[in-house]
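Take a first look at the model below. The questions after it go from one helix contact to the core and then to single residues.

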Amino acid sequence: MVHSLATVVELVNTSPSTGGEEGLAGLAELQAFVESRQISGVSRLTARDLGQVRMVREAFHRVFTATDQPSAVRTLNALLSETRITPRLTEHDGHPLHVHYFAADAALAEHVAADCGVALAHLLVEGEAERLRTCAAPDCDRVFVDESRNRSRVYCDSRTCGNRMHVAAYRARRRA
């Protein structure tokens with residue numbers, strides 16, 4: 001589940017909707033994403049895969065930015081209804097035993113929608129929707145899952161956005 005949540009965050013943050021440039025501009029970027037996230041069972045990627053993954057990415061973005069839990073649930077249910085969720089235990093590529101939720105012959109978009117969608121569904125079912133966050137820095141719209149014990153994380157990355165905001169606050173206090 002942790003790996004799937006990190007995958008969905010990385011996927012969503014490739015979207016121009018999060019304030020950056022298109023991170024999945026072509027098949028080379030999609031292939032790099034598949035490799036970096038160690039998504040198994042993916043063969044040759046096509047332009048269709050790229051388009052479908054972008055659509056799944058935008059649906060996941062709507063889950064993160066939903067104004068309330070019922071909206072997030074509706075969006076996630078709509079996405080999951082398009083998958084053939086087929087849970088099975090597997091070990092591969094040096095990873096310990098874990099569950100895959102996608103059908104064996106699933107295209108990349110269905111694979112990501114099923115595995116990452118189920119991880120998000122577990123978070124919602126456990127009443128942890130508030131852990132799905134958007135960065136609090138005014139110039140950043142990246143998403144993250146707040147894994148802190150006290151649910152206090154507000155920046156997508158403490159080394160970039162967090163540090164930048166703390167330095168700005170310090171400088172503002174020094175000027176006052």
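**Helix contact, core and single residues**

Q: Which residues of H1 meet Val53, Arg57, Phe60, His61 and Phe64 in H3?
A: This is a predicted model, where local features need pLDDT of at least 70, side-chain atom pairs count only at pLDDT 80 or more, and totals for chains, interfaces and linings use all residues. Residues are numbered from 1 along each chain as its sequence is written, and side-chain values use heavy atoms, without hydrogens and water. Contact means heavy atoms within 4.5 Å. On the H1 side, the residues that meet H3 are Val8, Val9, Leu11 and Val12.

Q: How do the residues of the contact of H1 with H3 divide?
A: Ala, Val, Leu, Ile, Met, Phe, Trp, Tyr, Cys and Pro count as nonpolar, Asp, Glu, Lys and Arg as charged, and the others, Gly among them, as polar. By that rule the contact divides into seven nonpolar, one polar and one charged.

Q: How are H1 and H3 oriented to each other?
A: Helix H1 spans residues 2–12 and helix H3 residues 47–64. Their axes come within 9 Å and cross at roughly 105°. Angles of 65 to 115 degrees count as roughly perpendicular. H1 and H3 are therefore roughly perpendicular.

Q: Which element gives the most to the largest nonpolar core?
A: A nonpolar core is a set of buried Ala, Val, Leu, Ile, Met, Phe, Trp, Tyr and Cys residues joined through side-chain atoms within 4.5 Å. The largest one has 35 residues. Elements giving two or more residues include H1, H3 and H4. The most, nine residues, comes from H5.

Q: Which residues does Leu120 touch, not counting those up to four places away in sequence?
A: Leu120 is among the residues with the most contacts inside the largest core. So are Val8, Phe60, Phe64 and Leu132. Leu120 touches Leu5, Val8, Phe60, Val63, Phe64, Leu76 and Leu132.

Q: Is Thr83 buried or exposed?
A: Thr83 lies in the loop between helix H4 (69–80) and strand E1 (88–90). Its side chain has a polar atom 2.8 Å from the backbone oxygen of Leu80. Buried means under 20% relative accessible area, exposed over 50%, partly exposed in between (1.4 Å probe, protein chains only). At 13%, Thr83 is buried.

Q: What is the relative accessibility of Tyr170?
A: Tyr170 sits in helix H6, residues 158–175. Tyr170 counts as partly exposed, at a relative accessibility of 43%.

Definitions and conventions: Axes fitted to C-alpha atoms, helices over the stretch in contact; angles between N-to-C directions. Helix = DSSP H or I, 4+ residues; strand = E, 2+ residues; numbered from the N terminus. Parallel < 35°, antiparallel > 145°, perpendicular 65-115°, else oblique. Polar contact = N/O pair within 3.5 Å; in protein donor to acceptor, adjacent residues only side chain to side chain.
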